[in-house]
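Reader: Could you take me through this structure, please? I should like to understand how its parts meet.
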Number of protein chains: 2
Amino acid sequence: MSTVHLSSTTAPVNIAVVKYWGKRDPTLNLPTNSSISVTLSQDDLRAWTTASCSQDFPEDRMWLNGEERSTTDDKRLLACLKELRSLRTRVEQEDGTLPKLSGMGLHIASENNFPTAAGLASSAAGFAALVRAVADLYKLPSSRTELSRIARQGSGSACRSLFGGYVAWEMGTREDGSDSQAVQVAEADHWPTMKACILVASAQKKDVSSTSGMQSTTKTSLLFRERIERVVPDRMARMTEAIRARDFSTFAELTMRDSNGFHAVCLDTYPPIFYMNDVSRAVVRLVEHINGQAGETVCAYTYDAGPNTVIYYLRENEARVLSFVKGAVSATTRGADGLSEQTAASVPDVLAQTISAGVSRVILTKIGGGPEKTERSVLGPDGFPRK
Amino acid sequence: MSTVHLSSTTAPVNIAVVKYWGKRDPTLNLPTNSSISVTLSQDDLRAWTTASCSQDFPEDRMWLNGEERSTTDDKRLLACLKELRSLRTRVEQEDGTLPKLSGMGLHIASENNFPTAAGLASSAAGFAALVRAVADLYKLPSSRTELSRIARQGSGSACRSLFGGYVAWEMGTREDGSDSQAVQVAEADHWPTMKACILVASAQKKDVSSTSGMQSTTKTSLLFRERIERVVPDRMARMTEAIRARDFSTFAELTMRDSNGFHAVCLDTYPPIFYMNDVSRAVVRLVEHINGQAGETVCAYTYDAGPNTVIYYLRENEARVLSFVKGAVSATTRGADGLSEQTAASVPDVLAQTISAGVSRVILTKIGGGPEKTERSVLGPDGFPRK
């Protein structure tokens, strides 16, 4: 039996505060605007991926959460693997003593520590982990930014999950996508007190997939051009500045405005796309209520392509923010025990009724770092899933 | 006892297909964009108003649906009455033999034939009826367009209810509002087969009043300028053309796009304004389902500042449109008996569940004419409400 080479990594979820919506090149996943995100802690949300290869593997195979997936139909996966193999080939050409891993079949297995169905950006973490794991397996000298260009082709926002902290995806201008990549705006340590509370909505049926939704918005929304040409460039500059200055109030307002503006162009799409529902809207009002009671902006909501809310706040305001969350969710909501230290604050009945009925799970987390190499392997030493 | 002069009129509701949203002058109700509407039949929805005056009336008094309302705090009402009195004064100056009605107190009473709480543009019908009734009482020679400029100061969209059929409100450019007025695009007879089905939502709590909502959008939405400067002017031209050409498919698409675009700028407002709810969104999907099943655009949704849907369709498609509506609403919904001739068509469960639970009333109506003088009086011959 030939040597089985193995490398394992974990990679984080990121939640954008200036949203990616719209592709100028759907194949290369080149966006119509730059975006910026916060990387969440892998203690709570992460993809864990092992890549392995061996002369004995005749083909590429992949397992997601224990289920084998076909690799042959997945153009995005194939694009990533092709780029990674090509980089490995170059390494092998430069040093003829290295094993010819680029010619071997790859076995890749990935597991999430959170329910995939919860609609929590699992593809971003998944593709970041895959690219990182194969790059480590291949001992590529590529920088994280270089790898981000590969992960981007798997899932646009995956490029941001190659970094921890505060991360920008620069849209770039080149047709081949060689300058459409992630860069770190600031390490998690720069502003380490950022925390996030995720309210997972019970009804998870997605209206329209992100990919087809973006295409539809790009083609049909008459307000979209204004967003990408004027609104987002200005907001990117302000958001970067707010993060550098650790200015939560500005960070929060820009985050909420961008979420609203993104869902506005979804609604302006024809036919319209709806991701927020009555529960999402009640949580928007809850956040406004919390800020109103605090007399200052202590928390911000943001919504991706689904009804879940991510609420950002600083550690120093945790008690007051979470006391209202506790007042709004049901005691039987999963994750609600994480709120046990808080005294429930009073929340208007109409909000509490909608939120307690419509939120199925609460996840408390914080800002975190980028992908981490690990000795723990998803695959067995033979490069096959463990029985 | 002095002579009591009386004049009575009815006035219709209008539902915009290119929406009015944004005031460039809040006092004069001058809009940031032109708009266009369809006047609905007074058989189903109308305000009925009597204006009276007498030397014996020391002050202006007003009754709405039997309840007296203070006239002294209502700046919009006062602005209308002041303009009407000033026109009457001119008439009296030109013909000294006429009674000096302009100096007498006015008694005005108005009743709707539909629940005011249903959020069905009652203020538009109400102010149009009031202006028309007082103009008739005063025997003013003013044209309907001239009166529309007065009604506009009461409630912006009221100016469109001075006409039947298809009506444009031209935003105008003058600072004094003298060219911000309604004109008829086409008589109801030009395209008489237009019908409307109104799905009144159970939960009628309005998010934000139209007046404050418009102000907030104008000030804070970054997408709003694109709407008023480019999107609406182009859409007004196309909509006018579609009405003239009786092109339902274009009329429908423009109507749906404009409703979506209006709610998009509401969502882009900071803090965001939500008028549509999960029931509204299910009805959007129902309309898409009906059009999909028909293989052509046979109906269009539109939403004002609330969750009610108005569905426009042509008489020739009534059976197929209403069969789906019947399939979606509950048999116990008020007005559902109006659907009795239809066979209920099958509607996806997820839509039918939301719609049947969330729609409290169905109103079937059609395009109609403008205000009509009537001998029936809301007030008694003494100019006071009947006991």
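Author: Certainly. In this predicted model, nine residue pairs are in polar contact across the interface of domain 1 of chain A and domain 2 of chain A, with both residues of each pair at pLDDT 80 or more.

Reader: Which elements give two or more residues to the side of domain 1 of chain A that touches domain 2 of chain A?
Author: They are strand E2 (14–18), strand E5 (35–39), strand E10 (166–170) and strand E11 (181–186) of chain A.

Reader: And what is that side made of, by class?
Author: The side of domain 1 of chain A that touches domain 2 of chain A has 19 nonpolar, eight polar and four charged residues.

Reader: How many salt bridges are there between the two domains?
Author: The count between domain 1 of chain A and domain 2 of chain A is two. As for salt bridges in the model, A:Lys19 and A:Asp304 form one through their side chains, at 2.6 Å from N to O.

Reader: Where does each domain run, then?
Author: Domain 1 of chain A covers 5–188, and domain 2 covers 194–366. The contact takes 31 residues from domain 1 of chain A and 43 residues from domain 2 of chain A.

Reader: What area do they bury between them?
Author: The two domains of chain A bury about 2,900 Å², with 69% of it on carbon and sulfur atoms. In domain 1 of chain A, the residues that lose the most area to domain 2 are A:Val17, A:Lys19 and A:Trp21, together 29% of what that side buries.

Reader: How far apart are the C-alpha centres of the two domains?
Author: The centres of domain 1 and domain 2 of chain A lie 26 Å apart.

Methods: Residues are numbered from 1 along each chain as its sequence is written. Chains are lettered from A and ligands numbered from 1 in the order in which they are written. This is a predicted model: local features need pLDDT of at least 70, side-chain atom pairs count only at pLDDT 80 or more; totals for chains, interfaces and linings use all residues. Side-chain values use heavy atoms; hydrogens and water are left out. Domain bounds come from an automatic or database domain assignment. Contact means heavy atoms within 4.5 Å. Buried area is the accessible area (1.4 Å probe) that two parts lose on being put together, summed over both. A salt bridge is a side-chain nitrogen of Lys or Arg within 4 Å of a carboxyl oxygen of Asp or Glu. A polar contact is a pair of N or O atoms within 3.5 Å; within protein, one must be able to donate a hydrogen and the other to accept it, and residues adjacent in sequence count only if both atoms are side-chain atoms. Helices (H or I, at least four residues) and strands (E, at least two) are DSSP runs, numbered from the N terminus. Ala, Val, Leu, Ile, Met, Phe, Trp, Tyr, Cys and Pro count as nonpolar, Asp, Glu, Lys and Arg as charged, and the others, Gly among them, as polar.
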